[in-house]
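Please keep the sequence and the coordinates side by side while reading, since the account below moves from strands to cores and then to a pair of helices.

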Amino acid sequence: MTEHYDVVIVGTGAGGGTIANVLAKAGKRILLLERGDFLPREKENWDPAKVFIDGRYVSKDTWYDAKGKPFQPQVHYFVGGATKMYGAALYRLRPQDFGEIQHADGPSPAWPLTYDDFEPWYTKAEWLYQVHGAHGEDPTEGHWSRQYPWPAVSHEPRIQQIADDLGKGGYHPFSAPCGILLDEENRAKSACIRCSTCDGFPCLVHAKSDAEVIGVRPVLDLENVTLVTGAEVESFRTDDGGTTVTGVVVSRDGRAEEYSGDIVILAAGAANSARVLLRSASDKHPNGLANGSDQVGRNYMFHNSNAVVAIDKEPNDTVFQKTLGLNDFYFAGDGRQWPLGNIQMVGKSNAAAMRGEEPKLTALAPNFTLAEVARHAVDFWLTTEDIPKPDNRITVDAGGSVHIDYTATNQVEADGLYKELRTVMNHVGMAGHHVLDKNFYMNMAIPVAGVAHQAGTCRFGTDPKDSVLDVNCKAHELDNLYVVDASFFPSIGAVNPALTVMANAIRVGEHLIERMG
C-alpha cells in the first residue's frame, strides 16, 4: 500500500523519537516506522540474569566481522531504540571536540559547526529530557545559557566520600548529568524510585528519560501522528532523476509495504542507516543512495571503552551509582601527550551481571561469593575517543546482512586513562581492582559486537566530495532526505553521544519546520 505524509521518520530512538516530538507539536502529519515493538513491561526488566546472561532484549540479528565471522550485535529494536537500555548519561561534547584534535592514532576532524552553534540546542535537549546536573562544576565544559532543569542527583554516602577524597587530592569531580524522572524533594510525585537497574536495564516504571517516554509517547495521541511497529525499512525508492525519495519500502509481517512523504528522515542507528542507504542503490546511485562521495558506511566509530571494578575494603551499599564524573584527563596537558578521555561511574555490580560479563572467570564461583564481591565493588566506565578511519566501515552483502570491518584506535590513550584511574583509586583507598572486558553488559565473544555508541557512517560537512550530509543533515544529493542519528558525527568525542544526537534532532526539526512552513 502507498500512503503519503508530510514526514516519514525511520527509527524512534534518540534521533528519530526526538525529531518526531518536535515536528508533531508543529502540526506536521508524521509517520513513525519502528522495526521493533514496545518493550514489554515485565518483571524480567529488572532481572539481571535475564538481562545480562540471557540477553533477553538483544536483537536476534546476525552481523559479520571483517573475516566473515558471524556475531550477535548488542542492538535493541524497540520504540525508543537504544535509549530503552542506555544509562541515561546525557553529556555535552566539550567545545574543543568540535575542532580538530590530535590523537595518538591521528587527528580527530573538526565539525562544520562549533560548540557555540550547538549550545542553544543542547539547552533545549536538556530541558526536554529533564536532565539532572549542575553546570559549572566541570572545568572542561563549555558555556551554558541555562542551568539544568533539575538539580544534580545527590551522591549516596560512599560516592560522596569518593568525590570528597578526589577534591582533596586536587582533582575536579562533578555531578554526572542524568536523564531520570526523579524528584528527590517530593518522592511521592517522583516516577523514579532510584533503584540500581538504570544502566543497561529497561525501566519497568518508565522513569528513565528515554526517547519513548520523552519523545514518542507524549505525541502518540495527536491525530497527526501515526506509529507503525514491526516495520523494517528495506530501502528507499527515488524519482527518475534520483533527486527525491518517493517511496520507503518496508517489510512488515512478511508483506511488502510502501510509504511516502514530502520529507524522509532516517534515524535507524549508524549501522542500519548505512545499510538502508547502501541497499537503495539504483542507476542514478550505483554505489548506494546519497553515496556519490563513497562515504556512506565509512568512518564507523563506537568508542574505546573499558569497565573497571574496584574492590573496596569497605562495603559499597550504593544503589544508584551513576552520579559522579571526572574529566581531569580529557585533554592533553599536565605532562600528558595525548587526550585520554572521560571517567564516570557505571551501574552497580551484582552477582548475576558479573556472571554474565565474565562467564569463564566466575564459572566456579558460588553465588554467595559473587554477591559479597559485588557488595564491595565500585564501578567505573572509561571512555576514550575512537578516531574515524575510512576503512572502519559498514558494508552490506547480497542478502542484506551487515558486515563491520573495524580496527580499534587510540589504545595507547585508553591504556593511559586506565593508568590514571589506578592513581585516582590510590587516592581514594581502593588499590585493588579488576578490569572487566569491553562488552560490560552482554559478553558477545568479540569487541565489535558492542555497538551501543555507534556513530559516523554518514558524516555531515560542507563539501559533497568528503561528506554525505550538509550542515542541516540533508543528504547532499537528495532534496528531501535527512539523517539524524549519530551517523552524522564527523568525530565522537569521549563522552556518551545521546545528548548530542537529541540536540541535533531538535536543531534539524526546527530547520524543517521553517523549511516546510
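What follows is a walk through selected parts of this chain, taken from a predicted model.

A convenient place to begin is an open sheet of four strands, whose order is S4-S3-S19-S18 and whose pairing is mixed. The edges of this sheet are formed by strand S4, residues 70-71, and by strand S18, residues 393-396, each of which pairs on one side only. Strand S18 is joined to strand S19, residues 402-405, by four bridges in the antiparallel sense, and within this sheet Ile 394 stands opposite Ile 404 of S19. Helix H6, which spans residues 270-278, packs on the sheet and touches strand S3 (63-65) as well as S18 and S19; the direction of H6 makes about 45° with that of S18.

Another strand to look at is S14, residues 304-311, which is mostly covered, with seven of its eight residues buried. Strand S14 runs antiparallel to strand S17, residues 377-384, and eight bridges join the two. In this pairing, Ile 311 is found opposite Ala 377 of S17.

From the strands we turn to the nonpolar interior. The largest nonpolar core contains 104 residues, and the members that touch the most others are Leu 33, Phe 236 and Ile 265. Helix H11, residues 498-516, gives the most to this core, contributing nine residues. What does Ile 265 contact, once its neighbours within four places in sequence are left aside? The partners of Ile 265 are Val 7, Val 8, Ile 9, Val 10, Ile 19, Leu 23, Tyr 482, Val 484 and Leu 512. Apart from the largest core lies another one, of 22 residues, which includes Ile 159, Leu 340, Met 345 and Met 430.

The last stop is the packing of two helices. Such a pair is described by the angle between the axes and the distance between them. For helix H1, residues 16-25, and helix H11, the axes come within 8 Å and cross at roughly 35°, and the crossing in which H1 passes H11 is right-handed. On the side of H1 the contact is made by Thr 18, Ile 19, Val 22 and Leu 23, while H11 supplies Met 502, Ala 505, Ile 506, Val 508, Gly 509, Glu 510, Leu 512 and Ile 513. By character, the residues of this contact between H1 and H11 divide into nine nonpolar, two polar and one charged. Ile 19 and Leu 23 of H1 and Leu 512 of H11 take part in this contact, and these residues are also among the partners of Ile 265.

Terms used: Residues are numbered from 1 along each chain as its sequence is written. This is a predicted model: local features need pLDDT of at least 70, side-chain atom pairs count only at pLDDT 80 or more; totals for chains, interfaces and linings use all residues. Side-chain values use heavy atoms; hydrogens and water are left out. Two strands pair if DSSP finds at least two bridges between them. Contact means heavy atoms within 4.5 Å. Axes are lines fitted to C-alpha atoms, for helices over the stretch in contact, and angles run from 0 to 180 degrees between N-to-C directions. Buried means under 20% relative accessible area, exposed over 50%, partly exposed in between (1.4 Å probe, protein chains only). A nonpolar core is a set of buried Ala, Val, Leu, Ile, Met, Phe, Trp, Tyr and Cys residues joined through side-chain atoms within 4.5 Å. A crossing is left-handed if the near helix is turned anticlockwise from the far one by less than a right angle, and right-handed if clockwise. Ala, Val, Leu, Ile, Met, Phe, Trp, Tyr, Cys and Pro count as nonpolar, Asp, Glu, Lys and Arg as charged, and the others, Gly among them, as polar.
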